[in-house]
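Biologist: I should be grateful for a close look at a single part of this protein, namely the cavity and the strands around it. Please begin with how far the model can be trusted, and then proceed step by step.

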Amino acid sequence: MSSRFVTIVLMSVLIALMLQNAAFGVWFDVTGSSQSFGSVATFNLSEQCVIELPSSVTFVVTNLSTSTSAPAVSIDISNIALASATKQLKLSVRANSAEFTPPTPGATTWEAADVTWNAGVCSGAEGSSGTMSGSGFNTVATVTAGEASASTAGLVFTLDAKSSVKRSGNHTLTITWKVEAIGA
């Protein structure tokens, strides 16, 4: 029997925090007979960060009877600016559908919940292991309060075994990452 290879791709979409407003104000000081004019620049710096995420995660399935781990990925977060020193940044992920899109319409494929991940090795954050969901976001990492940057390495996504899959080719699941400020 020939080997069957199935390539599974998790495509990424990002919801992120952005710099929103910068406002300038002008002040006037009139004292006695002299007048002085000056300007003050006031910036409203919104909560923000710069984040580098994997654009895709690929599973190369060579045996449908065993789980398959994708190569480890890393996530880097820098330039974190939050409203208070006690707020934290939370990174979550969800699937955009309950199951993968098979290479042939109607073919058996994996469900989003067949994908899990480990906590990874974090610096400046606490990693969380989890299971993909098509109905809600699940936490991947939470940045420690007060950190200006954080990273996670060795983040491994794993696809469960599913011997009922009979179609080779690309089975695709689009995922959305969410970055949010939490706490007070």
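Modeller: This is a predicted model, and the protein averages a pLDDT of 82, with 76% of the residues scoring at least 70. Confidence varies between elements: strand β2, residues 23-31, has the lowest mean pLDDT, 42, whereas strand β12, residues 130-131, has the highest, 98. Two stretches call for caution. Over residues 1-7 the pLDDT stays under 50, although the model has 26 contacts beyond four places in sequence for them. Over residues 15-34 the pLDDT also stays under 50, and here the model has 45 such contacts. Where pLDDT is low, the predicted coordinates should not be read in detail.

With that caution stated, the cavity can be considered. Rolling a probe the size of a water molecule over the atoms shows where empty space is left. The structure holds 1 cavity of 30 Å³ or more, and the volume of the largest cavity is about 40 Å³. Its lining is formed by I75, I77, L91, A125, A141, V143, A150, S151 and T152. Strands β7, β13 and β14 each supply at least two residues of this lining. The greatest contribution comes from β14, with 3 residues.

It is therefore reasonable to start from β14, as it gives the most to the lining, and to ask which strands pair with it. Strand β7, residues 73-81, pairs with β14, residues 150-155, in the antiparallel sense over 4 bridges. In this pairing, I75 stands opposite T152 of β14, and both I75 and T152 belong to the cavity lining. Strand β10, residues 121-123, also pairs with β14 in the antiparallel sense, over 3 bridges. Here C122 is the residue that stands opposite T152.

The residue C122 deserves a brief remark. C122 counts as partly exposed because its relative accessibility is 25%. Another cysteine, C49, is buried, with a relative accessible area of 10%. The structure holds 0 disulfides.

Next comes the loop that leads into β14. S149 is found in the loop between β13, residues 138-143, and β14. With a relative accessibility of 37%, S149 counts as partly exposed. Leaving aside residues up to four places away in sequence, S149 touches I77, S78, I80, S123 and G124. Of these, I77 is also one of the residues that line the cavity. The C-alpha atoms of S149 and A125 are separated by 8.8 Å, and the two residues are 24 residues apart along the chain.

A125 leads on to β13, another contributor to the lining. Strand β11, residues 125-127, is joined to β13 by 3 bridges, and the two run antiparallel. Within this pairing A125 stands opposite V143 of β13, and both A125 and V143 line the cavity. Strand β8, residues 88-95, pairs with β13 as well, in the antiparallel sense over 4 bridges. In that case K90 stands opposite T142 of β13.

T142 itself, found in strand β13, can be described further. T142 counts as buried because its relative accessibility is 17%, and buried means under 20%. Not counting residues up to four places away in sequence, T142 touches Q88, L89, K90, A125, E126 and I182. Among these, A125 is part of the cavity lining.

Methods:
Residues numbered from 1 in each chain as written. Predicted model: local features only at pLDDT ≥ 70, side-chain atom pairs only at ≥ 80, totals over all residues. Heavy atoms only, no water. pLDDT = per-residue confidence, 0-100. Contact = heavy atoms within 4.5 Å. Disulfide = S-S within 2.5 Å. Buried < 20%, exposed > 50% of the residue type's maximum accessible area, 1.4 Å probe, protein only. Pairing = 2+ DSSP bridges. 1 Å grid on protein atoms, 1.4 Å probe; cavity = no way out; pocket = protein on both sides within 12 Å on 5 of 7 lines; lining within 4 Å. Points joined across faces, edges and corners; volume = space filled by probe spheres on them.
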